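Please look over the sequence and the model below before reading on. The notes that follow concern charged pairs, strand pairing and the surroundings of a single polar side chain.

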Amino acid sequence: MEMFFSELFGLEATAKTMTPGQMCARTLVVFVLALVLLRLSGRRTFASNNSLDMIVKFMMGAILSRTITGDASFPGTLAAAITLVAVHRALAYAVFAFPWLHRLVKGEASVLVEGGQINQKELRSANISEDDMRADVRSTANVDDLAETKTVRLEHDGSISVIKKK
């Protein structure tokens, strides 16, 4: 049985010695594993653009692609992917449980506009031009005049949110 799996997945193969069939078999296993890991990591992992989730996305892609192409050990990279999701889940729980860690890992929202007044310091700090911020306000809240807004925030994930005046 061990010989069967070794031959099917090319467990001892390298990128140069792997057959197309072995690469296809690895792709199937990695696809199923990625689906399982996605479910385990949580729904928001791949929907969110905060720094923690972006790191997981990039690293997961890099790890799993090496598994498929044979650039790294098949079992080792699968173990690394599982470890990455476990670390992500643990850190996500810790961020939830400790607000100070949330601010450290994910950052905080900043107020770009308050009561129609633009906070130039925050715009500069975030490297956002006034024109870009106004464009985001128009597309997000369908508001052209900042006087119609109560607050415009740059959220920790990089999105701009708008609270309109009543």
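In this predicted model, Arg134 and Glu130 lie four residues apart in helix α7, which spans residues 130–141, so that about one helical turn separates them. Their side chains meet in a salt bridge, with an N to O distance of 3.0 Å, and this pair is one of two salt bridges that the structure holds.

**Salt bridges and their exposure**

- Within the pair in helix α7, Arg134 is partly exposed, having a relative accessible area of 26%, and Glu130 likewise counts as partly exposed, at 28% relative accessibility.
- Another salt bridge links Asp144 with Arg138, where the closest N and O atoms are 3.9 Å apart, a distance that falls inside the 4 Å cut-off used for such pairs.
- Of these two partners, Asp144 counts as exposed at 58% relative accessibility, because the threshold for that class is over 50%, whereas Arg138, at 38%, counts as partly exposed.

**Strand pairing around β1**

- Strand β1, made up of residues 110–114, runs antiparallel to strand β3, residues 149–154, and four bridges join the two strands; at Glu114, the residue standing opposite in β3 is Thr151.
- Strand β1 also pairs with strand β2, residues 117–118, again in the antiparallel sense and over two bridges, and here Val113 stands opposite Ile118 of β2.
- The β1 and β2 strands form a hairpin with two residues between them, and Gly115, which sits in the turn, has a positive phi of about 60°.
- As background for reading these strands, side chains in a regular strand alternate between the two faces of the sheet.

**The surroundings of Gln22**

- Is Gln22, a residue of helix α2 (residues 20–41), buried or exposed? With a relative accessible area of 7%, Gln22 is buried, since the cut-off for that class is under 20%.
- The side chain of Gln22 reaches the backbone nitrogen of Thr19 at a distance of 3.0 Å.
- When residues up to four places away in sequence are left out of the count, Gln22 touches Ser6, Glu7, Leu8, Phe9, Gly10, Ala13 and Thr17.

Note on methods
Residues are numbered from 1 along each chain as its sequence is written. This is a predicted model: local features need pLDDT of at least 70, side-chain atom pairs count only at pLDDT 80 or more; totals for chains, interfaces and linings use all residues. Side-chain values use heavy atoms; hydrogens and water are left out. Buried means under 20% relative accessible area, exposed over 50%, partly exposed in between (1.4 Å probe, protein chains only). Two strands pair if DSSP finds at least two bridges between them. A polar contact is a pair of N or O atoms within 3.5 Å; within protein, one must be able to donate a hydrogen and the other to accept it, and residues adjacent in sequence count only if both atoms are side-chain atoms. Contact means heavy atoms within 4.5 Å.
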